[in-house]
Amino acid sequence: MAFSRIVFLMYHELELPGRKLVQSEPGYVRYILPVETFRSQMQWLNNAGFRGLSVSEAIRYPQGPNICITFDDGCETDLIGAALILRELGFRATFYLTAGFLDSPGYLSADQARELDSIGFEIGCHSMTHPYLSDLSDVELVREIVDAKLHLEQIVGHAIEHFSCPGGRYDRRTLETARRAGFRTVANSEFHANSAATNSYQLGRVAMLRDLPLGEFGAICRNRGLWKKRLQDRTRRGVQQVLGNQIYDRLRAAVLGEHQP
Ligand SMILES: [Zn+2]
């Protein structure tokens, strides 16, 4: 049987004219799209007949063309940039918030998080303090996954069902803790579309980079050529596993001036 396949897009902070980003190093800015670039991508999707879905909607895998739209980190531009554009087009999306960053400069306030929820967007959880989860002790994992969930639930007043891994890093313990905490899904940043056959605790997502040409964006949304990115990504992850997260990051930062948001 052929499954309906949906590509999940992963966005971060957006660049708004005159507004300072929460971080400025090149490895961070690489993942930041100017708001006008985001708008042209959403318009492209709309013109091509796609519907923008939240994670809850997407994991029912309705027949397409559909696209799942997600944001990580919980920057203020989720509300003052992305939400405005998404609403104009009638698109849904899931915003994964870093619970401990709420009310810090550049991030959503608790009130803004509630507003995002009340205007029909889905709130997910992106940990408490944004560490690499695969590096943590069991006690730390509970704080980052369970406590973060409860914190966000207190703010919005209902269950938070979806989790995304900071920096895309996870291991078996991470997924088990998330499952036991009551999350229905966990999203990472592996390059594959998802279908009813995908493990709900290993949903792939494609990170949107600021220099992505619109033509390539279209191909990604149509699930074309993701295998090439997947191959490059496997090579990178292989190196990561051999070296460990910390050494890998130091090397990467030294070579590229990079940081993984
Ligand atoms: Zn993040």
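## A walk through the model, from a helix to the zinc site

D111 and R114 form a salt bridge, with the closest N and O atoms 2.6 Å apart. This is a predicted model, so keep that in mind as you click through it. The pair sits in helix α5 (residues 110-118), and because D111 and R114 are three residues apart there, about one helical turn separates them. How accessible are the two partners? D111 counts as exposed, at 53% relative accessibility, while R114 counts as partly exposed at 35%.

You'll find a similar arrangement in helix α2 (residues 35-47), where R39 and E36 lie three residues apart, about one turn of the helix. These two form a salt bridge as well, and here the closest N and O atoms are 3.2 Å apart. R39 is partly exposed, with a relative accessible area of 24%, and E36 is also partly exposed, at 47%.

Now look at R173, which forms a salt bridge with D171, the closest N and O atoms being 3.8 Å apart. R173 counts as partly exposed at 23% relative accessibility, and D171 is partly exposed with a relative accessible area of 23%. Elsewhere, salt bridges link E13, R19 and E76 in a network. The structure holds 13 salt bridges.

Back to α5, and to the strands that go with it. Together, β6, α5 and β7 make a right-handed β-α-β unit. Strand β6 (residues 94-97) and β7 run parallel, and four bridges join them. If you want a spot to zoom in on, Y96 stands opposite G124 in β7.

What covers β7, and on which faces? In a regular strand the side chains alternate between the two faces of the sheet. In β7, E122 and G124 are on one side and I123 and C125 on the other, and all are buried, so both faces of this strand are covered; buried here means under 20% relative accessible area.

Follow the chain out of β7 and you get to part of the zinc site. Which residues hold the zinc ion? Its protein donors are D73 (OD), H126 (NE2) and H130 (NE2), lying 2.1 Å from the ion. Along the sequence, the donor residues are spaced D-x52-H-x3-H. D73 and H130 link distant parts of the chain, 57 residues apart: D73 is in the loop between β5 (66-71) and α4 (77-89), and H130 is in the loop between β7 (122-125) and α6 (138-156). Both D73 and H130 are buried.

D73 deserves a second look for its backbone. Most residues other than glycine have a negative phi, and most peptide bonds are trans. D73, though, has a positive phi of about 90° although it is not a glycine. This zinc donor is buried, with a relative accessible area of 5%.

N223 is another residue with a positive phi, about 60°, although it is not a glycine. You'll find N223 in the loop between α8 (214-221) and α9 (226-243). N223 is partly exposed, with a relative accessible area of 30%. For a cis peptide bond, go to the one joining G64 and P65, where omega is about 5°. P65 is found in the loop between α3 (55-58) and β5.

That leaves the interior. In soluble globular proteins, nonpolar side chains tend to be buried together. Here the largest nonpolar core has 59 residues, and among its members Y11 and L86 touch the most others. Helix α6 gives the most to this core, with six residues. What does L86 touch? Leaving aside its neighbours within four places in sequence, L86 is in contact with F38, M42, I69, F71, F91, A93, F95 and F121. There is also a second, separate core of eleven residues, which includes A58, Y96, A187 and L203. You've met Y96 already: it is the β6 residue that stands opposite G124 in β7.

Definitions and conventions: Residues are numbered from 1 along each chain as its sequence is written. This is a predicted model: local features need pLDDT of at least 70, side-chain atom pairs count only at pLDDT 80 or more; totals for chains, interfaces and linings use all residues. Side-chain values use heavy atoms; hydrogens and water are left out. Donors are N, O and S atoms within 2.8 Å of the metal (3.2 Å for Na, K and Ca); water is not among the atoms, so sites may look incomplete. Helices (H or I, at least four residues) and strands (E, at least two) are DSSP runs, numbered from the N terminus. Buried means under 20% relative accessible area, exposed over 50%, partly exposed in between (1.4 Å probe, protein chains only). A nonpolar core is a set of buried Ala, Val, Leu, Ile, Met, Phe, Trp, Tyr and Cys residues joined through side-chain atoms within 4.5 Å. Contact means heavy atoms within 4.5 Å. A salt bridge is a side-chain nitrogen of Lys or Arg within 4 Å of a carboxyl oxygen of Asp or Glu. Two strands pair if DSSP finds at least two bridges between them. A crossover is right-handed if, with the strands pointing away from the viewer, the path from the first strand over the helix to the second runs clockwise.
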